[in-house]
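Here's a quick look at some aromatic and nonpolar side chains and how much of them shows at the surface. Have the structure open while you read.

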Amino acid sequence: SVLLAVVVPGTLLVAATSSTVIPAVFGDDFSGAASAFGPALGVVVLAPVSSLLVQASAIRLQPAVAFVSGIVSAAAFLIVAVLAVPAWDAVGGTVATLTGVVGGTAVAAVRMPGAASGRLLVVSFAAAAAVTAVGAAA
């Protein structure tokens with residue numbers, strides 16, 4: 001939760017300012033990339049809890065959890081990418097990535113109760129949703 005205390009405000013700031021900062025820093029050729037930052041930053045927010053769950057599956061000698069979580073992540077990514085990329089380009093790709101991470105993390109959390117606290121899971125998923133929404137609105 002200490003990590004989230006740093007990650008969440010930072011990603012919210014980047015999400016809120018990406019449409020202005022990215023073209024200013026990298027030039028107008030990169031202005032289209034700003035819209036893909038929201039979902040990508042949602043992945044950044046979920047990375048700590050996702051990593052925790054993968055490590056817990058290894059420590060608890062439950063590799064099947066990591067395997068199933070990975071399969072769910074890949075399947076969710078593939079399905080959403082096939083549907084979203086043609087319509088949304090880079091945004092579709094990052095939405096697909098975020099969907100995969102959400103799905104895999106949720107499966108790991110369900111299959112290993114107690115590996116991550118309920119509070120950490122709620123805060124992580126809510127923060128990822130908030131960052132993604134702020135990025136979409138920017």
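## Rings and greasy surface

Phe-26 counts as exposed, because its relative accessibility of 53% is over the 50% cut-off. Keep in mind that this is a predicted model.

Which residue does the ring of Phe-26 pair with? The partner is Phe-30, and the count of aromatic pairs comes to one. The two ring centres sit 5.8 Å apart and the planes meet at 50°, so this pair goes down as tilted: a stacked pair would need planes under 30 degrees apart, and an edge-to-face pair over 60. Phe-30 itself is partly exposed, with 45% relative accessibility.

Val-25 belongs to helix α1, which covers residues 2–26. Val-25 is exposed too, at 57%. Try drawing a line from Val-25 to Ala-66: they are 41 residues apart along the chain, and 38 Å separates their C-alpha atoms.

Now over to helix α3, residues 63–88, where you'll find Phe-77. Phe-77 joins Leu-78, Ile-79, Val-82 and Leu-83 in a nonpolar surface patch of about 520 Å². With a relative accessible area of 36%, Phe-77 is partly exposed, so it clears the cut-off of over 30% for patch residues.

Here are the accessibility values side by side:

| Residue | Relative accessibility and class |
|---|---|
| Val-25 | 57%, exposed |
| Phe-26 | 53%, exposed |
| Phe-30 | 45%, partly exposed |
| Phe-77 | 36%, partly exposed |

Notes: Residues numbered from 1 in each chain as written. Predicted model: local features only at pLDDT ≥ 70, side-chain atom pairs only at ≥ 80, totals over all residues. Heavy atoms only, no water. Phe/Tyr/Trp six-rings, centres within 6.5 Å; stacked < 30°, edge-to-face > 60°. Buried < 20%, exposed > 50% of the residue type's maximum accessible area, 1.4 Å probe, protein only. Helix = DSSP H or I, 4+ residues; strand = E, 2+ residues; numbered from the N terminus. Patch = residues over 30% accessible without salt bridge, like charges linked within 9 Å, V, L, I, M, F, W, Y side chains within 5 Å. Areas by Shrake-Rupley, 256 points an atom, 1.4 Å probe, with all protein chains shown as cover. Salt bridge = Lys/Arg side-chain N within 4 Å of Asp/Glu carboxyl O.
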